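Colleague: I have some labels to query. Can you take me through the reasoning behind them?

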Amino acid sequence: MALKLDNNGKFQCFFVAYEALIQGFLFMRKVIAVDGIFLTGKHRGVLLSAVAQDSENHIFPVAFCVVDKECNAAYEKNFEQLSSIHPDNVELCIISNRHISIANGISKFYPQDHHGFCLRHLAENIRKKFHCGDLLHHYYSATKAYRIDEFNDHFQQIKDNDTRVAKYLEEDVGFHQWSRAHFPSNRYEVLTTNNVESVNSMFLLEREFPITALFDAINRRFAQKFHERHIRFLDTPTICVPSVKKKINKNATLGNRLLVHPIRQQVFSINGHGAVAKVDLRNRACSCREFDLDKIPCPHAIAALRVEFGAQYGTSIYDYTSDFYYIDTCVNAYVIEIHPVPSEECWEVPPELVERKIPPSSCEIQLGRRKTKRIPVSGEVKKKQNICSICKRTGHKRTTCKKRTEGTSNSIVA
């Protein structure tokens, strides 16, 4: 927990990361989604959330930070505090929208980290900017492709249909920030910021509250979730989490239909379904790249394990599955409880802190109804305004156009 004040002693930044979140993230896949939601209380502000995802695709919060607004200084303070509990690491990956302040903060405090864009935000930008909704299925296929050649096939379809979209994705954005095949690190299956968007939607009502009440709500919500997940994982009898167990069974069914030809020790050639793949069990790699990136044996790898281990290959599958997907790992991630904040009567606060008054940040309190809809950030395409078909101006439509009403009144007088 950290509280930052400006030179005048006014509120500037409030950062919170519980011990349960810090220790639990050690058992998570090292992918963090970052986004913000603006607060609608008296003094405004923005709640910045850093969220991970466990192997069962549950939301796992990493840290929360309240700042006055989304800007370079705010995100720098957020990433500065975040780097103090989770240092920069070449294996770490941060997913966000195209807000330039996020990129600046990451480059300053996480220079070794790999920054990727949310494929849903980028798709929405493409649709609004180029009006090419019919090309989005090629874009999604290119984004999710594991191999370079598979990516090139889908991207060529985009280029053949609209060169503007292809130039935007290749030159303005860059393949390495949105394509799984070109991404320099491992995003696993976390390709969007849906997990942090879900956290924002969880506290739509609470964002009108004061900061203390907001964090009380966050504390209560995730204290309950952590307890429920810990009990659920303890009662799960399988080695891996249910979703991964289901995927392994599916891959095993497909792998039993493939032909295996040994090349050398622990290296195999796999034939089937009109394709040939090469599996290296020693390096846990396959030419299809699913084994490399998902860290779960693909059908080709399972076929190779069947030949390598014979009747014992069923148990060997789990030996070649990442520890992140084990039930024991998930149990350890939620073993530390989040305790609720006691009532103020139970607090033991030093007198100097009780008497200390921290004024709010220097923000102009505007009159009228507060905005509740999200404002597009820089890098995102704003919604196109309607143009009146009568006077050709924006801000209204033809049914409310003054020229139309004036023409109607004149005809009645005549």
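**Loops and a helix pair**

Modeller: Start with Q266, which sits in the loop between β8 (259-264) and β9 (267-272). Bear in mind that this is a predicted model.

Colleague: What makes the phi of Q266 worth listing?

Modeller: Its sign. Phi of Q266 is near 65°, a positive value, and the residue is not a glycine.

Colleague: Where does R284 lie, and what is its phi?

Modeller: R284 is in the loop between β10 (275-280) and β11 (285-286). Its phi is positive too, about 50°, and R284 is not a glycine either.

Colleague: Why is R284 called partly exposed?

Modeller: The relative accessible area of R284 is 40%. Buried would need under 20%, exposed over 50%. The value falls in between, so R284 is partly exposed.

Colleague: Now the helices. Why are α4 and α5 called roughly antiparallel?

Modeller: The axes of α4 (residues 119-130) and α5 (residues 136-144) cross at roughly 150°. The cut-off for roughly antiparallel is over 145 degrees. The angle passes it, and α4 and α5 are therefore roughly antiparallel to each other. Their axes come within 11 Å. The crossing is right-handed.

Colleague: Which residues of α4 and α5 meet?

Modeller: From α4, L119, R120, L122, A123, I126 and R127. From α5, L136, Y139, Y140 and T143. By class, that contact has seven nonpolar, one polar and two charged residues.

Colleague: How do you know that the tyrosines are on the nonpolar side of that tally?

Modeller: By the classing used, Tyr counts as nonpolar and Arg as charged. Y139 and Y140 therefore go with the nonpolar residues, R120 and R127 with the charged.

How values were computed: Residues are numbered from 1 along each chain as its sequence is written. This is a predicted model: local features need pLDDT of at least 70, side-chain atom pairs count only at pLDDT 80 or more; totals for chains, interfaces and linings use all residues. Side-chain values use heavy atoms; hydrogens and water are left out. Axes are lines fitted to C-alpha atoms, for helices over the stretch in contact, and angles run from 0 to 180 degrees between N-to-C directions. Helices (H or I, at least four residues) and strands (E, at least two) are DSSP runs, numbered from the N terminus. Angles under 35 degrees count as roughly parallel, over 145 as roughly antiparallel, 65 to 115 as roughly perpendicular and the rest as oblique. A crossing is left-handed if the near helix is turned anticlockwise from the far one by less than a right angle, and right-handed if clockwise. Contact means heavy atoms within 4.5 Å. Buried means under 20% relative accessible area, exposed over 50%, partly exposed in between (1.4 Å probe, protein chains only).
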